[in-house]
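Trainee: I am new to this structure and would like to look closely at one part of it. Please start at the beginning of the chain and work along from there.

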Amino acid sequence: MTLDPFYLIVDSAAWIHRLVPLGVKLVQLRVKDKDEAALRQEIRRARETCARHGCQLIVNDYWRLAIEEGCDYVHLGQEDLAAAETRAIKRAGLQLGISTHDESELKTALAAEPDYVALGPVYPTLLKKMKWAPQGLDRIAAWTETVAPLPLVAIGGLTPERIPGVFEKGAASAAVVTDVLMNADPEARTREWIMATDRWR
């Protein structure tokens, strides 16, 4: 699996419609607290926008809907992984990414035969309270070696200024949430991320 070095994570199809046309090539739709009909509509809108702009869409958590709606990628956290039917995901031809935060979770993730592994938080993050301390850059290097040849996605507190260290330690992609979505100018910040990651593309 080849991942673009800029991995944008958003919580609505509206964000995808707004930012993907700027040149985003990899985006995760992470929607919470909606009923199935609304979720399905979000996935469809996101998929259509991504298809028009040559962007890989990764659906977070809702693997059954991702299969039913003809998506190509799904991402699971550890709790969702425990409840998911990974064989059904693979049988449907979807590629799978899994979040990890410690050695135990990494072992669980690798047993599911994912197509990529995410590690976080690399730096302190504003998104949610974490029971894990920031992993730091050296952990990226160790994780990269362990998961090879799978690509490693780094997430948590990343900014354009911090990404050289992330990629130098072997990460294939840098996942971003708040640095774009909470920015005063998300469009400008998105363009900045695309330019900043261009040499790893």
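Mentor: Let's start with Asp4, which counts as buried because its relative accessible area is 12%; buried means under 20%, exposed over 50% and partly exposed in between, using a 1.4 Å probe and protein chains only. Before we go on, residues are numbered from 1 along each chain as its sequence is written, and the model is predicted, so local features need pLDDT of at least 70, side-chain atom pairs count only at pLDDT 80 or more, and totals for chains, interfaces and linings use all residues. Side-chain values use heavy atoms, with hydrogens and water left out.

Asp4 sits in the segment before S1. Helices (H or I, at least four residues) and strands (E, at least two) are DSSP runs numbered from the N terminus. The Asp4 side chain reaches the backbone nitrogen of Phe6 at 3.0 Å. That is a polar contact: a pair of N or O atoms within 3.5 Å, where within protein one must be able to donate a hydrogen and the other to accept it, and residues adjacent in sequence count only if both atoms are side-chain atoms. Leaving out residues up to four places away in sequence, Asp4 touches Lys25, Leu26, Ala172, Ser173 and Arg201; contact means heavy atoms within 4.5 Å.

Follow that polar contact to Phe6, which belongs to strand S1 (residues 6-10). Phe6 is buried, with a relative accessible area of 0%. Beyond the residues up to four places away in sequence, the residues that Phe6 touches include Val24, Leu26, Ser173, Trp193 and Arg201. There is also a link to a distant part of the chain: Phe6 and Ile163 are 157 residues apart, yet their C-alpha atoms are separated by 9.9 Å.

Now step sideways from S1. S1 and S2 pair in the parallel sense over three bridges, where strands pair if DSSP finds at least two bridges between them. One place to see this is Ile9, whose bridge partner in S2 is Gln28. In a regular strand the side chains alternate between the two faces of the sheet. S2 is covered on both faces: Leu26 and Gln28 on one side, and Val27 and Leu29 on the other, are all buried.

The next step is from strand S2 (residues 26-29) to strand S3 (residues 56-60), which pair in the parallel sense over four bridges. Here Val27 has Leu57 as its bridge partner in S3.

These pairings belong to a bigger arrangement. Eight strands close into a barrel, with parallel pairing, in the order S1-S2-S3-S4-S5-S6-S7-S8. Direction ignored, neighbouring strands of this sheet are turned by 25° against each other on average; axes are lines fitted to C-alpha atoms, for helices over the stretch in contact, and angles run from 0 to 180 degrees between N-to-C directions.

Further round the barrel, strand S4 (residues 73-76) runs parallel to S5, joined to it by four bridges, and Tyr73 stands opposite Gln95 in S5. On to the next strand, four bridges join S5 to S6, again running parallel, and Ser99 stands opposite Ala118 in S6. S5 is largely enclosed by the rest of the structure, because five of its six residues are buried. Helix H6 (residues 103-111) lies across strand S5 (95-100) and strand S6 (116-119), running at about 170° to S5.

Two more residues are worth finding on your screen. Gly157 lies in the loop between strand S7 (152-155) and helix H8 (163-168), and this glycine is partly exposed, with a relative accessible area of 22%. Gly157 and Thr125 are 32 residues apart along the chain, with their C-alpha atoms separated by 4.6 Å. Not counting residues up to four places away in sequence, Gly157 touches Tyr123, Pro124, Thr125 and Arg162. The other residue is Arg189, in helix H10 (residues 186-196). Arg189 counts as buried at 12% relative accessibility. Neighbours within four places in sequence aside, Arg189 is in contact with Thr159, Pro160, Glu161, Asp179, Val180 and Asn183.
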